[in-house]
Amino acid sequence: MKKIMLIGFGGMAHEVMARLPQGVSIGWIVAREGHHAAIADINGGAVKALLHPSECSERPDLVLECASQQAVREYAETVLNRGWDLAIASTGALADAQLLETLRSAARAHRATLTILSGAVAGMDGLAAAREGGLESVTYVSNKSPASWCGSPAEKMVDLDNVTEATVFFEGSAREAARTFPANANVAATIALMGIGMDNTRVQLRVDPHTTRNTHRIQAVGAFGEFHIELNGNTLASNPKTSMLAALSAVEACRRLVDDGLSA
Ligand SMILES: NC(=O)C1=CN([C@@H]2O[C@H](COP(=O)(O)OP(=O)(O)OC[C@H]3O[C@@H](n4cnc5c(N)ncnc54)[C@H](O)[C@@H]3O)[C@@H](O)[C@H]2O)C=CC1
Ligand SMILES: O=C([O-])CC(=O)C(=O)O
């Protein structure tokens with residue numbers, strides 16, 4: 001049995017727990033203290049609630065971050081310094097170039113892997129392959145409902161309650177997008193990390209009152225040719241900011257621990 005550590009106890013973490021592949025169990029959950037009683041109830045106390053990964057004295061087979069960019073800043077270095085493999089959803093934390101370098105060095109020094117979950121988008125394998133031949137441009141457009149942008153800085157950029165048509169409220173770099181919208185624009189950072197970087201990846205964020213989905217459009221142009229991907233993702237019932245596919249990409253990372261057959 002593979003035993004993983006989850007970081008976070010919100011929408012994505014619950015989806016991962018509900019869909020955990022056979023042969024994988026959750027040994028530890030790093031969460032805020034307010035969640036510890038609920039964690040103690042899971043499987044008759046089989047899961048340990050922690051405030052920090054350093055409280056764990058065993059070696060998890062994988063640490064899965066499904067919490068926030070702040071959680072990556074708080075815990076990722078400790079995890080990698082212990083030589084534990086880490087997969088992160090909150091990829092926008094890596095818009096901080098210094099943190100990215102620190103985590104890369106920690107992973108190299110301790111022979112750990114830092115995996116960027118594909119999250120809410122698809123095509124990251126193709127984008128990374130295209131990069132090998134040279135990319136000219138990568139653009140990303142995110143289109144979400146007003147409920148998705150609620151509680152984000154979008155509230156100050158557009159009237160979310162009264163918007164009547166799809167409206168662009170942000171245009172800029174992936175670095176700026178990921179930093180400004182930490183719960184909504186991690187995809188921008190993921191695309192940047194797999195493509196032409198945080199400053200060269202152009203991002204447009206839109207609010208659309210006529211949708212309930214999270215739509216991600218990627219256009220990449222390079223020596224390979226060009227591709228356009230449009231992904232219309234259903235959101236988690238528990239969190240309209242987060243696409244179900246993002247949670248499923250975390251589940252798939254767990255499945256890789258037990259499946260030793262084909263790999264994408
Ligand atoms: N790469 C991608 O495509 C996507 C990435 N994400 C990232 O995944 C995160 C989680 O998504 P959801 O579960 O839907 O969010 P959520 O808001 O439903 O849950 C987040 C959970 O993490 C906990 N948390 C946050 N910071 C923490 C910290 N420093 N220490 C301990 N616990 C902490 C919260 O208390 C909460 O339980 C998002 O905040 C976002 O950063 C979300 C969607 C897509
Ligand atoms: O789940 C999504 O559709 C995208 C998202 O929240 C993010 O990029 O942070």
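**Ligand 1 and His216**

Trainee: What makes the shell around ligand 1 divide into 16 nonpolar, 14 polar and two charged residues?

Mentor: The sorting goes by residue type: Ala, Val, Leu, Ile, Met, Phe, Trp, Tyr, Cys and Pro count as nonpolar, Asp, Glu, Lys and Arg as charged, and the others, Gly among them, as polar. Before we go on, residues are numbered from 1 along each chain as its sequence is written, while chains are lettered from A and ligands numbered from 1 in the order written. This is a predicted model, where local features need pLDDT of at least 70, side-chain atom pairs count only at pLDDT 80 or more, and totals for chains, interfaces and linings use all residues.

Trainee: Which residues come nearest to ligand 1?

Mentor: Gly8, Gly10, Met12, Gly119 and Thr242, out of 32 around the ligand. A residue is near if its C-beta atom, placed from the backbone, lies within 6 Å of the molecule.

Trainee: Why is His216 called buried?

Mentor: Buried needs 20 or more other C-beta atoms within 10 Å of its own; 12 or fewer is exposed, in between is partly exposed, and C-beta atoms are placed from the backbone. His216 has 26 such neighbours inside 10 Å, so it counts as buried.

Trainee: Which residues does His216 contact, leaving aside neighbours within four places in sequence?

Mentor: Ala120, Val121, Ser142, Val187, Leu231 and Gly233. Contact asks for C-beta atoms, placed from the backbone, within 7 Å.

Trainee: For which feature does UniProt list His216?

Mentor: The unreviewed UniProt entry lists His216 under "active site". UniProt positions follow the numbering used here, feature names are shortened, and annotations may be inferred rather than shown by experiment.

Notes. Contact = placed C-beta atoms within 7 Å.
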